[in-house]
Amino acid sequence: MSVSRNKAKRRMSWQLERDIRRFDCAIKIRLRDKGFYGIMRNRKNGVIETYDKRLEKKMIEIEVLGDEVLKGKQITKQEALELYQMPLEPLCKKADEIRQHYCGNIFDLCAIINGKSGKCSENCRFCAQSAYSRTDAAEYPLLSKEEILTQAKQNDSQGVLRYSIVTSGKRLSEEEISQMCETIRVIREETGISVCVSFGLLTEEQFRKLKEAGAERAHNNLEASRNFFPNVCTTHTFEDKIATAQAAKEAGLAVCSGGIMGLGETEEDRVDLAMTLRALGVKSVPVNLLNPILGTPFAQNERLSEEDMRRIIAVFRFILPDAFIRLAGGRGLLPDKGRSCFLSGANAAISGDMLTTAGITVETDMQMLKEIGYEVRRGAE
């Protein structure tokens, strides 16, 4: 028997109020967005009840799995993949609860400087600085000690916690590393900011020199899963990336490593990347949103949505419960500049300009984080 429109609305209203009590008003919005009223008019009552029970079951599954993570469980790859089929709002809410449990309201804020730009020998298909791309990215050699120090002082005065010097190319030369060691010593002497280095595929010995100079962390993004990496770059390998991260750890440096979303990877690739980072013990995980730049091979890639990024962040939090999950490049493309992701499991960010694209000012970020309730200060490595 068909259900009348008015009766359907009354029934749906009761279901919505029930869900509000269990979760929050966002659920009401999501259910309405799914067009439940329209379905009620055209389907038999039993169909709707089955769908609603399915939704309720998924919500319960999120709670159960999240509670297990709160107790110290490491979720499996299959469990992580299943999270991609769960309703977004309760998934993000549980991810944020996991973040609060393991990390509190500490927020890790960093800034970067493009210390050497362009003419990179590597063929990373997302990168405007690759010699294989045809872009208008700036080209210049290693910046002077004075130039790098000036920005370090500015970021330090703004309350930024970490300052990463990033250089183009497969790796710095020995002469360039010596120059950077001197620069790092001066930064450490004249500021209170922590120094991170992103100098390419270095050896353990080279990392030791940088640590002795005062560097605390080495950045080396894996970029993608082992399976998908050959679609991103062929001038070096995923194994090269892993070896670099391990060399940095052996030298006594903390490691910052993550990837780029929107390269054409699958949900499974994203989960595999997070699982690899977990196996490496990485606690600072940059999550970049691809900004398709004209002149790069990935220029025509479809840009991911805010909902896509929230789900990615939430799933990463279930896999990496005690990590600082850092919104990095591409955050400025999001309508809310990452605010909803910071309520979905992310608790770190790069502030200011990126390497070849504009970012979000430190002042804007500080105000947003204060409104959310975060405290910008250093946490455990």
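This passage walks through the cavities, a pocket, two helix packings and an aromatic pair of a predicted model.

The empty spaces inside the protein make a good starting point. Counting those of 30 Å³ or more turns up 2 cavities. The largest cavity fills about 1000 Å³. As many as 49 residues line this space, and those closest to its centre are Phe126, Val166, His219, Glu223 and Leu355. Several strands take part in the wall: β1 (106-116), β2 (162-167), β3 (194-198), β4 (217-219) and β7 (284-289) are the elements that put two or more residues into the lining of the largest cavity. Sorted by class, that lining holds 21 nonpolar, 20 polar and 8 charged residues.

The second largest cavity comes in at about 50 Å³. Its lining is made up of Glu223, Ala224, Ser225, Ile260, Met261, Glu265, Asp269, Arg270 and Leu273. Glu223 therefore turns up in a second place, as a residue lining this cavity and as one of those closest to the centre of the largest cavity. Two elements, β6 (259-261) and α11, give two or more residues to the lining of the second largest cavity. The biggest contribution is that of α11, with 3 residues. By class, the lining of the second largest cavity splits into 4 nonpolar, 1 polar and 4 charged residues.

Helix α11 also has a helical partner. This helix (residues 267-280) packs against helix α12 (residues 306-319) at an angle of about 35°, and the two axes are 10 Å apart. The crossing of α11 and α12 is right-handed. On the α11 side, the contact involves Arg270, Val271, Leu273, Ala274, Met275, Leu277 and Arg278, while α12 brings in Ile312, Val315, Phe316 and Ile319. In terms of class, the contact of α11 with α12 has 9 nonpolar and 2 charged residues, with no polar ones. Arg270 and Leu273 take part in this contact, and both are also found in the lining of the second largest cavity.

Another helix packing involves α7 (145-157) and helix α8 (residues 174-190), whose axes come within 10 Å and cross at roughly 35°. Here, too, the crossing is right-handed. From α7, the residues in contact are Lys145, Ile148, Leu149, Ala152 and Lys153. From α8, they are Met180, Glu182, Thr183, Val186, Ile187 and Glu190. The contact of α7 with α8 counts 6 nonpolar, 1 polar and 4 charged residues.

Helix α7 shows up again at an open site, the second largest pocket, where α7, β1 and α13 (362-372) each supply at least two lining residues. The volume of the second largest pocket is about 270 Å³. Of the 17 residues around it, Gln151, Asn155, Ser351, Gly352 and Asp353 lie nearest the centre. Strand β1 has the largest share of this lining, with 4 residues. By class, the lining of the second largest pocket has 6 nonpolar, 9 polar and 2 charged residues.

Strand β1 also has a part in an aromatic pair. Searching the whole structure gives 3 aromatic pairs. In one of them, the ring centres of Phe107 and Phe342 are 5.1 Å apart and the ring planes stand at 90°, so this pair counts as edge-to-face. Phe107 belongs to strand β1, whereas Phe342 sits in the loop between β8 (324-327) and β9 (348-350), so the pair ties together parts that are 235 residues apart in sequence.

Conventions
Residues are numbered from 1 along each chain as its sequence is written. This is a predicted model: local features need pLDDT of at least 70, side-chain atom pairs count only at pLDDT 80 or more; totals for chains, interfaces and linings use all residues. Side-chain values use heavy atoms; hydrogens and water are left out. Axes are lines fitted to C-alpha atoms, for helices over the stretch in contact, and angles run from 0 to 180 degrees between N-to-C directions. A crossing is left-handed if the near helix is turned anticlockwise from the far one by less than a right angle, and right-handed if clockwise. Contact means heavy atoms within 4.5 Å. Ala, Val, Leu, Ile, Met, Phe, Trp, Tyr, Cys and Pro count as nonpolar, Asp, Glu, Lys and Arg as charged, and the others, Gly among them, as polar. On a 1 Å grid over the protein atoms alone, a cavity is a set of points where a 1.4 Å probe fits but cannot get out, and a pocket is an open set with protein on both sides within 12 Å along at least five of seven lines; lining residues have an atom within 4 Å of a point. Grid points are joined across faces, edges and corners, and a volume is the space filled by probe spheres set on the points. Rings of Phe, Tyr and Trp (its six-membered ring) pair if their centres lie within 6.5 Å; planes under 30 degrees apart count as stacked, over 60 as edge-to-face and the rest as tilted.
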